[in-house]
Amino acid sequence: MVLEKQNGSSLPSPPIPGRRNKARPIALALMGLAGFLWLMLPDGVRHSTAKGEQNAPLSAFSWDQITPSKSLEYHDCFDGFQCARLEVPMDYHRENGQGRQMAIAIARLPAKVPVTDSRYGGAVLINPGGPGGSGVGQALLLGRDMQMIVDAETDPALPTKTAHLSARYFDIIGFDPRGVNNTTPGFSCFPNLFSQRNWELQVEADGMLGSSGDSLMRNWQRALALGAACSQALQSAPEGTDEALGEHLNTPPVARDMLEIIERHGEWRERQGQTEQRMYDRMYGYDQQQRIVTRTKWKRGQEKLLYWGRSYGTVLGSTFATMFPDRMERVLLDAVVDVEKYYTGEGPDVIVDADAIFDRFAFYCDTAGLDGCPFYRQGGPAAIKAAYLELEAALYNASVPVPPSARRGPEVVTWTDLKSVLRYSVYQPLFGFPLLAHFAKSLAGGDGSLMADFKQRSRSPSCPSDQCLQTGPWSGECLEKGANELHAMSAILCSDAPYLRDMDKARFQESWTSQKARSFTLGDYWAAITALGAKKMSESFPGSVVLQQDSEGHTTLAAPSLCVSKAIRAYFQSGVLPDPGTVCGADMKPLLGESGSVHAMNAADRAMYDALMNMVAQANSLSRRLPFA
């Protein structure tokens, strides 16, 4: 985690494609996990907007009910949220104002006090990662818990004499970046959902890289086919325009969208203040000082960012910081990505850290014993690791046929399936290690039923809607919300990182071979991996502080830590930074359970801990829906 002071000084940041602003002095807040930053998938929020909105009380809300506007016009939506669609230029560099427009989908969880209250702290923008993660989905699923962490401990409803007047309470605002979910125009690489689900099942059946002698050929051919489909969707401009969506999905325009959001939020806040001031003046007489109007005044062109970004969200945050260094107030970067590596491809390849996390699985399993770890073997961590590797080798040579059950059909459990669970485990060890231990024990005994059940739960229905059937393939009605985050990730990465566009089969094979040589755990995944980049990033932003969490996994969602959460609260409340070199422990360890301190918590700490555990559980339940390949 990297935290910056508002008026610090910074060194120039790595080059950001397409930006026009140069780096200037800035202060950031970076947050990093002690061991390891993992796959830059949306952190617990993939498929989240579609699934999350279905889990929330809907009240028949539809984004189509909102007409996009250049000012923020909030509408009640979901359960206690407010939604808006903010109209922004597709191309900010177009000077005639005649170009295509984007409609950014925004979900706001209102603060516990009105925006006109002196204790209102502002709006914290959030991003879950990706690229391609849905901020709307993150707000719906995790917003209340994130708000509980950044808000003051004191209940704002307490009488004034009891309440702390310095306490601050925040809005939480999630938005879908360009090309993602509810932001329009959108895109799809498939004519309808049935076609996409059919493709995903074929990918699963083909297996990941390394699953067979021809896996490289199959994966490469699929990459070519999918790339052609996505490129066709992204490079085509509607009749009468010359602006294709794919040319405007990269990170700098999204950072510019964030600037527009905070500006329009300031404008909206001012309108609320003016309305409230008029009501106050009518009821109590004219206030000569116009105090409500004064504290809600729109700081035109000077509104500042409050931000909490995870994983790729740290790239977005640091990009904003470089482009608009004088527009920062509080920035929290959780699971910091090496921005230079992200944009240029230059930097250390730290995939080997995945093996270090797997070694912790063997250590925790040995420590927990048979009662806590079903895959326990006598002989210490080395024996447990050897037993797992033996199981992998056996599955590679012979898959496990699984007969049908009362709730699913027949299945075949493969080497790819087990490797996919291993990948999930190093991403979310708290929940993934127990899962891996149970599956490994079952498979070692020749029983693949648990894994078969898990596979079937990860699949989604694929029937096109009635509207899609009426309008036909490739129509807007066939564009499934929440189904394109992985493809949006690829589109954004290719836009941000030119070196990825030059990939041919030979370089593809060379990179895969290199990854395999570095890591048996994740070497067969074609994915971007990062390590603890917070310290490197902090060096680029003097005045920032790294807060390290001593736990395994990706982001602070991998394990609850009251120590970290209290530091986050202090930072958002007053700007206080932790002491340099601070290391926070986790309050729960994989396979071992809660630490003794959990049982001695006071009521306030317990409430914060419960919010943390809810976020961890939500991230876990969503991550487990990830496709197996």
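## Helix packing, nonpolar cores and two buried residues

Helix H9 (residues 353-372) packs against helix H12 (residues 429-444) at an angle of about 65°, their axes lying 11 Å apart. H9 is therefore roughly perpendicular to H12, a class that covers 65 to 115 degrees. The crossing of H9 past H12 is right-handed. On the H9 side the contact is formed by Ile357, Phe358, Arg360, Phe361 and Tyr364, and on the H12 side by Pro429, Phe433, Leu436 and Ala437; contact means heavy atoms within 4.5 Å. Eight of the residues in this contact are nonpolar, none is polar and one is charged. Axes are lines fitted to C-alpha atoms, for helices over the stretch in contact, with angles from 0 to 180 degrees between N-to-C directions. Helices are DSSP runs (H or I) of at least four residues, numbered from the N terminus.

This is a predicted model, in which local features need pLDDT of at least 70 and side-chain atom pairs count only at pLDDT 80 or more, while totals for chains, interfaces and linings use all residues. Residues are numbered from 1 along each chain as its sequence is written, and side-chain values use heavy atoms, without hydrogens or water.

The largest nonpolar core holds 63 residues, of which Ile106, Leu125, Phe175 and Phe320 touch the most other members. Helix H5 (residues 251-284) supplies the largest share of this core, seven residues. Another core, of 47 residues, lies apart from it and includes Val124, Ala567, Val598 and Leu612. A nonpolar core is a set of buried Ala, Val, Leu, Ile, Met, Phe, Trp, Tyr and Cys residues joined through side-chain atoms within 4.5 Å. Buried means under 20% relative accessible area, with a 1.4 Å probe and protein chains only.

Two buried residues are set side by side below.

| Residue | Place | Relative accessibility |
|---|---|---|
| Ala497 | loop between H15 (485-496) and H16 (505-518) | 0% |
| His265 | helix H5 | 5% |

With neighbours within four places in sequence left aside, Ala497 is in contact with Tyr342 and Tyr343. Ala497 and Lys341 are 156 residues apart in sequence, yet their C-alpha atoms are 9.5 Å apart in space.

On the same basis of leaving aside neighbours within four places in sequence, His265 is in contact with Leu72, Tyr74, Arg108, Tyr120, Ala123, Asp171 and Ile173. For Phe175, the contacts beyond four places in sequence include Ile104, Ile106, Leu125, Val136, Val254, Met258, Ile261 and Leu316.

Technical notes
Parallel < 35°, antiparallel > 145°, perpendicular 65-115°, else oblique. Left-handed = near helix turned anticlockwise from the far one by under 90°. Nonpolar A, V, L, I, M, F, W, Y, C, P; charged D, E, K, R; others polar. Buried < 20%, exposed > 50% of the residue type's maximum accessible area, 1.4 Å probe, protein only.
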